[in-house]
Amino acid sequence: MSFETIVKILVVEDEPGLRDSIRDYFAESGNVCETAGGYETALQKINVYRYDCILLDITLPNGSGLDILEALKANHHPDGVLIISAKNSLDDRLRGLDLGADDYLTKPFHLSELKARVMAIVRRKSFNGNREIIFHEITIDLLAKQVNVFGAPIKLTKKEYALLLYFVANKGKVISKNAIAEHLWGDEIDISDNFDFIYSHIKNLRKKLIEAGSGDYIQSTYGMGYKFSDH
Amino acid sequence: MKLLDRYNSVSLLTTILVIVVTGVIYYFSISYILTGQVDKDLDVEENEIFEYVKLNHALPQVFKSDDLIIHFTPIEGHAVARRFSDSRFFDAHEHGEESGRTLTSSVMVGQQLYRIEITESKVETEYLIRMIFFITLGIVFVLLTVLLLINKLVLRRLWQPFYQILRAIKLFNLADRNGIDPVNTRIDEFRDLNIEVTAMSQRVLQDYQSLKAFVENAAHELMTPLAVINSKLDTLMQVGEMNDKQGLLISEVYHTVGKLKKLNRSMLMLSRIENKLIAEREEIDLCQFIQDMVNEFQELLADRGIIISEYLKPCHITINRDLLMIILNNLMGNAIQHNCTQGKIVIQLDQQGFSFCNTGTLIPLNEKQILQRFYKSPESEGSGLGLTLIKEICDSYGFSFRYAFRTDMHCFDIVFNYPYSNLIQNCHLL
């Protein structure tokens, strides 16, 4: 699957502020992003349309997101499902995953993290057997976890590889330093107050890509974060 | 001072005081009565003398007696006033003086006036008084002893329910959700106390529960607005044209929201641990787990020039994976954040427990202070809940969590307390 594939997603979220942000973030790169603010609308939509991925809030005004998930699975719809919930309770997470959800994300989250997770689900769900992400001269082999530039392999550390995947999934977006730190080290860590260590990872990744002949795609943006972009 | 002792000392003092006062009164009354008795005897003697003089017109023959001496002295002029007086009595047998009672009177024999002095020994009377005094003293002493003993035994038994209630109050712990059990007693005061204490414990527990529920709900409810702020900031960052100042401002807001998020998550986690809502456990190879975690931090450690040494022996424990992750990440995070440049971290693991030691300031930390919620060292930017979280998790598993300053290193030790918990399994000695 090439990265340029357009994905179709449904956001089921009752909080309009969050719903709109997610829609805007996803819609920009030509993806189709539909929204549902409540239980009934969501049920109607999943009965009629198919999506590559459904972002499902568990606590909805008139019902539970888990019921929507059950309905989806009862009808054997193949849509990918990412649960987003304010509850960090294990029970909900386990129930959601037991019912067939593909992933679980706790509020509050970074949109870049959400996008990366959704792209991962979409990639897993795609059936064309292509397990590669291509961005210009950079090819990422997801099975071998190998990165090639103009066909020549480059050696990345585990963190650098994760970083590159994260950047590519959020191509053209500014990603905050916080989001990068949490993606690489998890959000339990209390040391991410000092972001110098992110800088050294990014510096190394950038150096390795440029040395292999790739374009300089990683830019720092106004001290807020970094952007992976070809223009 | 115990109530019993206080009561005893008061009652003992009053008893002694009352006994002394009544003793004095008693002594004087008995002595008065007995003196009256002696006076009556003297009266009888006087009358006998008067009778004799009336019949014989001569003074009676005086015989020497052990306890009675009669003297006749001729006097001139008027008759002496008849009176009783205390005097000395010479006992010929004992060759000594004793106290006595004397009646002085006068009698006319023919033309001659005689003064009569009848003196009777009071030895018998005094002996009697002394006997009465000692018997009374004995009785009082026995009575007091018995009273004290009864007080001690009976009161101790009577106070038993009170001590039971007190013990229950001391053992009362908000976190374990058990109220104070009622104590069986027939004494009204204790029953009232009992009812009130039991009711109060229930009320406190309820309040505590609702407070905890409130904290948890509040933290939950805050998550959605936080998610909105976070997503709006993410969206704002995508707006193309911006200057560095704006970028810095957004970055700071983002950073602060991140802190708020972490704080909120820690609070939620705390309340979940306290409520024992995290029940799921699995057996984990702790040695492998720590090594994996250290690998995660490798670049960060290298970046700060910190040298890490691991002394790990194989150990498996049964614990919740997420909670173990919180413990290790927090310990490791602290060890890095509070370290000095080119510092050291030493991790030790054996079947008894594990410890994280790091170099840093040369001043030992105050153990009590660092375990307080929201306590932060001035340079720390964390939530101030990290160590509290570790402590709560350790408590919930029966582990002990301690701080120590050893060989210029700050050490955090977690001991599994193996004999008391069945959490460690398959811990083999190397």
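Which residues touch the most other members of the largest nonpolar core? In this predicted model, the core in question has 110 residues, and A:I9, A:C53, A:I54, A:L55 and A:L56 are the ones that touch the most other members. The greatest contribution to this core comes from helix α6 (residues 321-337) of chain B, which gives nine residues. Apart from this core lies another, of six residues, which includes B:L42, B:I49, B:L103 and B:I116.

The surroundings of one of these residues may be described further. Leaving aside residues up to four places away in sequence, A:L56 touches A:V12, A:G65, A:I68, A:L69, A:V81, A:L82, A:I83 and A:I84.

Chain A may now be considered as a whole. It contains eight helices and 14 strands, and 45% of its 231 residues are buried. Among the contacts in chain A with a separation of 6 or more, 61% are between residues 24 or more positions apart.

One part of chain A is an open sheet of five strands, paired in parallel and ordered β2-β1-β3-β6-β7. The edges are taken by β2 and β7 (103-106) of chain A; each has a single partner strand, so one side of each is left without a neighbour in the sheet. Neighbouring strands of this sheet are turned against each other by 20° on average, direction ignored. Within the sheet, β1(A) and β3(A) run parallel and are joined by four bridges, and A:V11 stands opposite A:L55 in β3(A). Helix α1(A) packs on the sheet, where it touches β1, β2 and β3 of chain A, and its direction makes about 170° with that of β2(A). Helix α2 (residues 39-48) of chain A also packs on the sheet and touches β1, β2 and β3 of chain A, its direction making about 140° with that of β2(A).

Helix α1(A) can be examined in its own right. It comprises 12 residues (residues 16-27), which at 1.5 Å a residue should span 16 Å; the end C-alpha atoms are 16 Å apart, in agreement with that expectation. Its buried residues are A:L18, A:R19, A:S21, A:I22, A:Y25 and A:F26. Seen down the helix axis, the buried residues of α1(A) fall within an arc of 165°, so they line one face of the helix. A general feature of helices is relevant here: an α-helix has 3.6 residues a turn, so residues three or four places apart point the same way. The buried residues of α1(A) pack against β1 (8-12), β2 (32-36), β3 (53-57) and α5 (111-125) of chain A, and also against α3 (188-237) of chain B.

A further open sheet in chain A has four strands, in the order β8-β9-β10-β11, with antiparallel pairing. At its edges stand β8 (132-135) and β11 (152-154) of chain A, each with a single partner strand, so one side of each is left without a neighbour in the sheet. From one strand to the next, the twist averages 25°. Strand β9 (residues 138-141) and strand β10 (residues 146-149) of chain A run antiparallel and are joined by four bridges; A:T139 stands opposite A:N148 in β10(A). Helix α6 (residues 158-169) of chain A lies across β8, β9 and β10 of chain A and runs at about 115° to β9(A).

Another antiparallel pair in chain A consists of strand β13 (residues 218-221) and strand β14 (residues 225-228), which share four bridges. In this pair, A:I218 stands opposite A:F228 in β14(A). The two strands form a hairpin with three residues between them, and A:Y222 in the turn has a positive phi of about 50°.

It remains to consider how the chains meet. The contact takes 37 residues from chain A and 44 residues from chain B. On the side of chain B that touches chain A, α3, α4 (244-274), α5 (286-304) and α6 of chain B each supply at least two residues. Of the elements there, α4(B) gives the most, with 13 residues.

A single residue, B:N230, illustrates this meeting of chains. B:N230 is found in helix α3 of chain B. B:N230 counts as buried because 26 other C-beta atoms lie within 10 Å, where 20 or more are required. Residues up to four places away in sequence not being counted, B:N230 touches A:P108, A:H110 and B:V257. The C-alpha atoms of B:N230 and B:K261 are separated by 9.5 Å, although the two residues are 31 residues apart along the chain.

Definitions and conventions
Residues numbered from 1 in each chain as written. Chains lettered and ligands numbered in written order. Predicted model: local features only at pLDDT ≥ 70, side-chain atom pairs only at ≥ 80, totals over all residues. Expected span 1.5 Å × (residues − 1). Buried ≥ 20, exposed ≤ 12 C-beta atoms within 10 Å, placed from the backbone. Arc of directions from axis to C-beta. Contact = placed C-beta atoms within 7 Å. Core = buried A, V, L, I, M, F, W, Y, C linked by C-beta atoms within 7 Å. Pairing = 2+ DSSP bridges. Axes fitted to C-alpha atoms, helices over the stretch in contact; angles between N-to-C directions.
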